[in-house]
Amino acid sequence: MRTAYSVETVRAAERELMARLPEGALMARAAAGLAAVCAGLLGRVYGSRVVVLAGPGDNGGDALYAGARLARRGARVTAVPMDPQRIHPGGLAALRAAGGRVEASVPRRADLVLDGLLGIGGRGGLRPAAAALAERVRADALVVAVDLPSGVDADTGEVTGPAVTADVTVTFGAYKPGLLVDPGASRVGAVRLVDIGLDLAEPVLEALQHADVARLLPVPTASSDKYRRGVVGVVAGSEQYPGAAVLAVAGALRGGAGAVRYVGPAADAVLARYPEVLVGRGRVQAWVVGPGIGAGRAAEVGRALADRDVPVLVDADGLRGLDPEVVRGRRAATLLTPHAGEAAALLGVPRESVEAGRLAAVRELAERYGAAVLLKGSTTLVAPAGGGAVRVNPTGTPWLATAGSGDVLSGLAGALLAGGLPGADAGSVAAYLHGLAGRLAADGAPVVAQEVAAALPAAWRDVIS
Ligand SMILES: NC(=O)C1=CN([C@@H]2O[C@H](COP(=O)(O)OP(=O)(O)OC[C@H]3O[C@@H](n4cnc5c(N)ncnc54)[C@H](O)[C@@H]3O)[C@@H](O)[C@H]2O)[C@@H](O)CC1
Ligand SMILES: Nc1ncnc2c1ncn2[C@@H]1O[C@H](COP(=O)(O)OP(=O)(O)O)[C@@H](O)[C@H]1O
Ligand SMILES: [K+]
């Protein structure tokens, strides 16, 4: 499991460690790690041109001390302060002692630019003086963000104004949520974690890895039969969107359901593609309701939710007007799987505000509905029902933004619910496999939803191998 920690947690761990270490030791560790990564990126340090954008706080300090280390190895290092009156004094002295220079404007030539403007103390987007410096960085220079790209909110990934886009981010002690959640995540480039010895409390965000998914996947045993493996009931599709039924069923079958029961008006289309499917109501271990059902089917959604002891996944049209009290009153898991537009409708806010503040939106929905919530999109997030760490999905590809791929995801997550996984596990494991299948099927070229479903077994094998 990869974990990310809030600024508050990082600062508390830093205080605790600093109390036991000589002054400056922690910053020296950070700077040493940073300089080592830069040296590796430069290949040849001697004679290289390095620019340090130095903000007013400790982030600038890290960058200046790292600059000093590179200068001692023969790099030509120029620091450009964001505010000449406020620059880390120790870092500045170290850089000068190592032969580095200070200039008021960004030099025209640079092999590598260290973005030490703002770290975890940054609030909001870059203010004009900082933004002007960042803008003057030449496009062909390698940009290395110190701790995080300046202008990205460390706790949320929000970017509310100008911000740096890095090629590499060297982060200290722990991943911060803003490095893993869009829009911030799109600005970090490759992330390198430098261990500075922090002893951290609870993470606020976590990302499953192959081994975690392998451990969670339900696998049939000698005593399994199709009912014990889990029957998934799929209420999906309509005359207008019969394909949604086929794709949700495909996801459920490929997700390891013992059997799939289809309920709705697209049975002919479903059976033509999947003769394995049972048609009509009956006992199930989980319901998937909503993909492609269109408007006016609230009664069917209500019927599934009323079965309080059976896990239910609600997606797409099923989410329209969903009543928080009904969902809160359920005993078994409920998993809601909105995209940003559906989440915005449930929250009564514009879509853009969900996209800009994905973590806050998914947490708010989980809290309001007392349910696990999977928010789809460029970084899929899954919040558990009872609060606690949100899961961010590390797999996936923008090629998955194709009609029907969400229907496959619903069926897949439904199969995992039927297999006994709790809501947030079912959602995050499904997103992981779906994202991996998307990558395998796309392989850099356009992909259609059926191919994503067809690649699920390969994704599954990849995870357990
Ligand atoms: N906390 C830790 O565990 C460690 C922190 N270290 C470094 O210290 C950094 C945090 O340092 P600080 O707390 O001094 O904070 P920062 O250096 O991130 O920034 C704080 C300063 O920036 C100004 N500022 C805030 N938002 C701004 C904006 N939007 N535009 C322009 N100026 C803005 C503030 O007025 C404040 O003076 C970390 O990111 C990391 O680089 C490392 O040295 C090692 C350990
Ligand atoms: N920019 C993106 N990058 C990666 N994945 C994306 C992106 N946009 C959408 N997706 C994924 O594509 C799928 C689309 O689902 P959804 O929006 O429900 O579409 P549909 O209703 O057509 O199936 C989701 O799994 C979502 O996370
Ligand atoms: K920075």
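Is proline 275 buried or exposed? Select proline 275 and look around: with 7 C-beta neighbours inside 10 Å, this residue counts as exposed, because the cut-off for exposed is 12 or fewer. You are looking at a predicted model, so treat this tour as a walk through a prediction.

**Stop 1: around proline 275**

Proline 275 sits in the loop that links α9 (267–273) to β12 (278–279). Now add alanine 245 to your selection. The two residues are 30 residues apart along the chain, and their C-alpha atoms are separated by 14 Å.

**Stop 2: three listed positions**

Next, select Asn59, Asp115 and Ser150. UniProt lists these three for "binding site", in an unreviewed entry. They span 92 residues in sequence, yet no two of their C-alpha atoms are more than 9.5 Å apart, so they gather at one spot.

Zoom in on asparagine 59. You will find it in helix α3, which covers residues 58–72. Asparagine 59 is buried, with 27 other C-beta atoms within 10 Å. Leaving out residues up to four places away in sequence, asparagine 59 touches Gly116, Leu117, Leu118, Gly119, Gly121, Val146 and Asp147.

Then move to serine 150. Its place is in the loop between β6 (142–146) and β7 (168–172). Serine 150 is buried too, and 28 other C-beta atoms lie within 10 Å of its own. Setting aside neighbours within four places in sequence, serine 150 has contacts that include Asp115, another of the listed positions. Among its other contacts are Gly55, Leu117, Leu118, Ala163 and Val164.

**Stop 3: aspartate 147, with a backbone surprise**

One of the contacts of asparagine 59 was Asp147, so select that residue now. Aspartate 147 lies in the loop between β6 and β7. What is its phi angle? Aspartate 147 has a positive phi of about 70°, although it is not a glycine. With 28 C-beta neighbours inside 10 Å, aspartate 147 counts as buried.

For another example, jump to alanine 316. This residue is not a glycine either, and its phi is positive, at about 50°. Look for alanine 316 in the loop between β14 (312–315) and α11 (324–328). Alanine 316 counts as buried, with 23 C-beta neighbours inside 10 Å, because 20 or more is enough to be called buried.

**Stop 4: a cis peptide bond**

Select aspartate 182 and proline 183 together. The peptide bond from aspartate 182 to proline 183 is cis, with omega near 5°. Proline 183 is found in the loop between β7 and β8 (190–194).

**Stop 5: helices α2 and α3**

Go back to α3 and show helix α2 (residues 25–42) beside it. At what angle do these helices pack? The angle is about 55°, with the axes 8 Å apart. That makes α2 oblique to α3. The crossing of α2 past α3 is right-handed.

To see where they meet, colour the residues on each side. From α2, the contact includes Met27, Ala28, Leu34 and Cys38, while α3 contributes residues including Asp58, Tyr65, Arg69 and Leu70. By class, this contact between α2 and α3 has 12 nonpolar, 1 polar and 3 charged residues.

Pause at leucine 34, which is in helix α2. Leucine 34 is buried, with 27 other C-beta atoms within 10 Å. Not counting residues up to four places away in sequence, leucine 34 touches Asp62, Ala66, Val146, Val170 and Val194. Val146 is also one of the residues touched by asparagine 59. For a long view, add alanine 366: this residue and leucine 34 are 332 residues apart along the chain, and their C-alpha atoms are separated by 38 Å.

**Stop 6: helices α15 and α16**

Finish with helix α15 (residues 405–418) and helix α16 (residues 423–442). Their axes come within 9 Å and cross at roughly 135°. α15 and α16 are therefore oblique to each other. Their crossing is right-handed.

Select the contact itself: on the α15 side, the residues include Ser405, Val408, Leu412 and Leu416. On the α16 side, Ala426, Val429, Leu433 and His434 are among them. How many nonpolar, polar and charged residues does the contact of α15 with α16 have? By class, there are 11 nonpolar, 4 polar and no charged residues.

Terms used
Residues numbered from 1 in each chain as written. Chains lettered and ligands numbered in written order. Predicted model: local features only at pLDDT ≥ 70, side-chain atom pairs only at ≥ 80, totals over all residues. UniProt positions renumbered as here; feature names shortened; annotations may be inferred. Helix = DSSP H or I, 4+ residues; strand = E, 2+ residues; numbered from the N terminus. Contact = placed C-beta atoms within 7 Å. Axes fitted to C-alpha atoms, helices over the stretch in contact; angles between N-to-C directions. Parallel < 35°, antiparallel > 145°, perpendicular 65-115°, else oblique. Left-handed = near helix turned anticlockwise from the far one by under 90°. Nonpolar A, V, L, I, M, F, W, Y, C, P; charged D, E, K, R; others polar.
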